[in-house]
Amino acid sequence: MANVEVDCDSHDLISLLSFEERDFLVRNNGDQLKISILSGKTVGLYFSGSWCGPCCHFTPTLVEVYEELLPKGDFEVVFISSDRNDESFNGYFAKMPWLAVPFTDSETRKRLKSLFKVRGIPHLVILDPNGKVLTNDGCRIVREYGVDGYPFTSEKIQFLKDEEEAAKKNQSLSSVLISGSRDYLESNDGHKIAVPELEGKTVGLYFSIQAHGACLEFTPKLIEVYKKLKERGENFEIVLIPLDYEDEHFKEGFKTMPWLTVPFKDKTCEKLTRYFELETLPTVVIIGPDGKTVHPNVAELIEEHGIEAYPFTPGKVAELAEIEKARSESQTLESVLVLGESDFVIDKSGSKVPVSELVGKNILLYFSAHWCPPCRAFMPKLIEVYHEIKAKDKAFEIIFISSDRDQSSFDEFFGGMPWLALPFGDERKKFLSRKFKIQGIPAAVVIGQSGRLVTKEARQLITAYGAEAYPFTEERMKHFEEMAKGWPEKLKHELHPEHELTKTRRSSYSCNGCGKMGHGFSFYCKQCDFDLHPKCALKKDEGTKDGEKAKDGVICDGEVCRKA
């Protein structure tokens, strides 16, 4: 959610938090405290619920910050529950040292959620002592800055950002890894190693969560590379930056690792995720012998090139890029789909189809799974597009690359598909996921008739343009770019009369007109986070007969429904 203020007015806390005869808030021991005790304090309105996993992960962080600020006497938190029954509320609230709107007062809880436009939880709105909204992005600020962010004003946050930028200019390994209360790292046998002992080495900072699937797959590869570099006598070390939620998960993962770690739950871990602008897991940041950042993430380089990627310098990266370019230019369908004796795919009957029979066709590799709701939602569209393309060009085929968890799930999901597949559990799946850097599903990669990569964005193109996107080439995309030039830059639409909609390039969005996902261009209101597909925004009301009444105030024409 964007970091925007709810309004510029000040809220009177008594009016905001009271209801009819109730002028108090409650503690988890049942005590009632007058709302007036909040006067002159910075107040966080914490929207949360016991059933919400992210809430349960964030609450302990907020408790820690709250208890550190408690001696100041000028900060308070008020819990606004999203729990579904009194028992859940009481169990969750028992873990909180602050105040709450009584669970019985559902009217106030609903009113506050509406007033502050709470669209998801956890959500933390912070008000200054005058009742003015400082931020409705309090969860992110607390998570990233902790107690250092207090009093959570924009000026304080900007000061911290400026401080971090200055630190980057004078970065050293010690400035990155040493905190105010700690100047050491830990080994998995319990020994403490002083950070200065690593000065002068090339150091990889490994950001990981033990339970994260990609980290589980990557860690053994990293261990292999680490041990080989050590055997070779390289001046190299790895430091784990654990982002695990549970201590037992951290311990389970770290016991297999031969390197050092920042202590579990150390505040430095969260700080470093922000400092290095962490975007994905796993991430391995390389710090050079001079203490400066050499590379923001070499995880993919290690996956693809192993020990050959060392020492991860710009020169080495450029050298590897040339090697990869040469491989890509010489790529054939067999080099992608044949691995050892696995030189076939299967059809619906289970019969083997040799990869050699697919050479010369446009091939779409469809990464998907039965357990994945977005995959199931995308399937009908893909089946429709598949039949449309096949009707025009027989030299097209789709191959299902399954992430299902068992054979029966694979069989059920593949049973509804009209195309080919890799067999369930095929070792080529892991190779293809790594080769095409598949970060999530559904994903669709297109290999052209020459065997070379055409695009890794076919799912987005199909969602946006359907069968018209075929054959998914740059030339075809230029056609749509030219078409977009003919669309108005701004327009007014009856579905969003409040503001003009601006033609905007969007990576992904949900259309507020038809409810379907969109990619590419949208007619967008940034202020209200409102999107319309171009076809929804530009479609004329041509299918409605004069005088026809709209059902429930809505006119539906094909895939598009509009207000009457």
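Is Cys-269 buried or exposed? In this predicted model, Cys-269 counts as buried because its relative accessibility is just 4%, and the cut-off for buried is under 20%. That residue makes a handy starting point, since it turns up again in the pockets and in the look at cysteines.

Take the pockets to begin with. Rolling a probe the size of a water molecule over the atoms shows where empty space is left. Here, the largest pocket holds about 1,400 Å³ of space. Its lining is made up of 46 residues, and the ones closest to the centre are Arg-143, Lys-267, Cys-269, Glu-270 and Lys-271. Several helices chip in with at least two lining residues each: helix 2 (53-69), helix 5 (138-145), helix 6 (154-169), helix 7 (173-177) and helix 10 (267-275). Sorted by character, the lining of the largest pocket comes out as 21 nonpolar, nine polar and 16 charged residues.

The second largest pocket contains about 1,000 Å³ of space. It has 32 lining residues, with Ala-214, Glu-217, Lys-429, Ser-433 and Ile-438 nearest its centre. At least two lining residues apiece come from helix 8 (213-231), helix 11 (299-305) and helix 16 (428-435). Helix 8 gives the largest share of this lining, five residues. The split for the second largest pocket is ten nonpolar, ten polar and twelve charged.

Back to the cysteines. A disulfide is a covalent bond between the sulfur atoms of two cysteines. How many disulfides does the structure hold? The count is zero. For Cys-139, the nearest cysteine sulfur belongs to Cys-55 and is 7.7 Å away. Cys-139 has a relative accessibility of 8%, so it counts as buried. For Cys-269, the nearest cysteine sulfur is that of Cys-215, 13 Å away, and Cys-269 is in no disulfide either.

Next come the aromatic rings. A pair of aromatic rings is described by the distance of the centres and the angle of the planes. Across the whole structure, the search turns up 38 aromatic pairs. One of them joins Phe-75 and Phe-152, with centres 5.7 Å apart and planes at 55°, which makes it a tilted pair. This pair bridges distant parts of the chain, 77 residues apart: Phe-75 sits in strand 4 (residues 75-81), while Phe-152 is in the loop between helix 5 and helix 6. Phe-75 counts as buried because its relative accessibility is 5%, and Phe-152 is buried too, at 1%. Both rings belong to a cluster linked by ring pairs, whose members include Tyr-46, Trp-98 and Tyr-150.

Charged side chains also meet rings. Lys-352 lies over the face of Phe-344, 4.4 Å from the ring centre. Likewise, the charged end of Lys-503 is placed over the ring of Phe-521, at 5.9 Å from its centre.

Finally, the backbone has a few quirks. Tyr-150, from the ring cluster, is joined to Pro-151 by a cis peptide bond with omega of about 10°. Pro-151 lies in the loop between helix 5 and helix 6. Another cis peptide bond links Leu-281 and Pro-282, with omega about -5°, and Pro-282 is in the loop between helix 10 and strand 13 (283-287). Positive phi values in residues other than glycine also show up. Lys-265, in the loop between strand 12 (260-261) and helix 10, has phi near 70°. Phi is near 70° in Phe-312 as well, a residue of the loop between helix 11 and helix 12 (314-329). Phe-312 counts as buried because its relative accessible area is 0%.

Conventions:
Residues numbered from 1 in each chain as written. Predicted model: local features only at pLDDT ≥ 70, side-chain atom pairs only at ≥ 80, totals over all residues. Heavy atoms only, no water. 1 Å grid on protein atoms, 1.4 Å probe; cavity = no way out; pocket = protein on both sides within 12 Å on 5 of 7 lines; lining within 4 Å. Points joined across faces, edges and corners; volume = space filled by probe spheres on them. Helix = DSSP H or I, 4+ residues; strand = E, 2+ residues; numbered from the N terminus. Nonpolar A, V, L, I, M, F, W, Y, C, P; charged D, E, K, R; others polar. Phe/Tyr/Trp six-rings, centres within 6.5 Å; stacked < 30°, edge-to-face > 60°. Buried < 20%, exposed > 50% of the residue type's maximum accessible area, 1.4 Å probe, protein only. Lys NZ or Arg CZ within 6 Å of the ring centre and 35° of its normal. Disulfide = S-S within 2.5 Å.
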